Amino acid sequence: LTLEAQLVGPERALELGVLDELAASGQVLARALEVAGALAALPGGAYSTVKRQLRGPTIAALRDIVDRRSDPMLGAWLTEETPQAAARTLDRA
């Protein structure tokens, strides 16, 4: 999806595992609060440890980019082709 800038609807995003679940537009906030409450009820130490394990490598890489003030992706993504490619993607939306 990312590499090809593919656009998919909510049901397909759910099938692909991009989303955990869908909620009706009028129920989004209520469902979000319900999920947040369930997560808040988990043991804090275990929850934070799992989050660090899952996100640790990404956080370390981002900290390195910030510390060096050098994002290796900028040169690859921000070229003369970028505006036209972005416009084509937005036109498909």
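**Note on the predicted model**

1. L16 is partly exposed, with a relative accessible area of 39%. This residue belongs to helix α1, which covers residues 10-16. The structure discussed here is a predicted model, and each point below should be read in that light.

2. L16 also takes part in a nonpolar patch on the surface, together with L1, V8, L14, V18, L19 and L22. The combined accessible area of these residues is about 510 Å². L16 can belong to such a patch because membership calls for over 30% relative accessible area, and the value for L16 is 39%.

3. Helix α1 also holds a salt bridge. The side chains of E15 and R12 meet there, with an N to O distance of 3.1 Å. Both residues lie in α1, three residues apart, which is about one turn of the helix. An α-helix has 3.6 residues a turn, so residues three or four places apart point the same way. E15 counts as exposed, at 60% relative accessibility, whereas R12 counts as partly exposed, at 41%.

4. How many salt bridges does a search of the whole structure find? The search finds four. Side chains of opposite charge can pair when their charged atoms come close. The pair E15 and R12, described above, is joined by a salt bridge; two further pairs are taken up in the next two points.

5. In helix α2, the side chains of E34 and R31 meet in a salt bridge of 3.0 Å, N to O. Because E34 and R31 are three residues apart in α2, about one helical turn separates them. E34 is exposed, with a relative accessible area of 52%, while R31 is partly exposed, at 28%. The value for E34 places this residue in the exposed class because that class begins over 50%.

6. In helix α3, R68 forms a salt bridge with D64, and the closest N and O atoms are 2.9 Å apart. R68 counts as partly exposed, at 45% relative accessibility, and D64 likewise counts as partly exposed, at 36%. R68 and D64 are four residues apart in α3, so they are separated by about one helical turn. Elsewhere, salt bridges that share partners join E21, R31 and E34 into one network.

7. Where does helix α3 bend? The helix, made of residues 44-68, bends by about 60° at R55. A proline, P57, follows within four residues. R55 itself is partly exposed, with a relative accessible area of 46%. From R55 to L19, a member of the nonpolar patch, the C-alpha to C-alpha distance is 18 Å, and the two residues are 36 apart in sequence.

8. The loop between α2 (28-40) and α3 contains L42. L42 is partly exposed, with a relative accessible area of 42%. Along the chain, L42 and E80 are 38 residues apart, and their C-alpha atoms are separated by 48 Å.

9. Helix α3 is followed by R69, a residue of the loop between α3 and α4 (72-77). Is R69 buried or exposed? R69 counts as exposed, at 78% relative accessibility. The phi of R69 is near 55°, a positive value in a residue other than glycine. Most residues other than glycine have a negative phi, and most peptide bonds are trans.

10. A5 also has a positive phi, near 50°, although this residue is not glycine. A5 lies in the segment before α1 and counts as partly exposed, at 26% relative accessibility. A5 is, in addition, one of the residues that line the largest pocket.

11. The largest pocket has a volume of about 170 Å³. Which residues line the largest pocket? The lining consists of T2, L3, E4, A5, W77, T79, E81, T82, A85, A86 and T89. Helix α5, residues 82-92, gives the most to this lining, with four residues.

Notes
Residues are numbered from 1 along each chain as its sequence is written. This is a predicted model: local features need pLDDT of at least 70, side-chain atom pairs count only at pLDDT 80 or more; totals for chains, interfaces and linings use all residues. Side-chain values use heavy atoms; hydrogens and water are left out. The bend at a residue is the angle between axes fitted to the seven residues ending there and the seven starting there. Helices (H or I, at least four residues) and strands (E, at least two) are DSSP runs, numbered from the N terminus. Buried means under 20% relative accessible area, exposed over 50%, partly exposed in between (1.4 Å probe, protein chains only). Patches are made of residues with over 30% relative accessible area and no salt bridge: like charges are joined within 9 Å, nonpolar side chains (Val, Leu, Ile, Met, Phe, Trp, Tyr) within 5 Å. Accessible areas come from the Shrake-Rupley method with a 1.4 Å probe; for residues, only the protein chains shown count as cover. On a 1 Å grid over the protein atoms alone, a cavity is a set of points where a 1.4 Å probe fits but cannot get out, and a pocket is an open set with protein on both sides within 12 Å along at least five of seven lines; lining residues have an atom within 4 Å of a point. Grid points are joined across faces, edges and corners, and a volume is the space filled by probe spheres set on the points.
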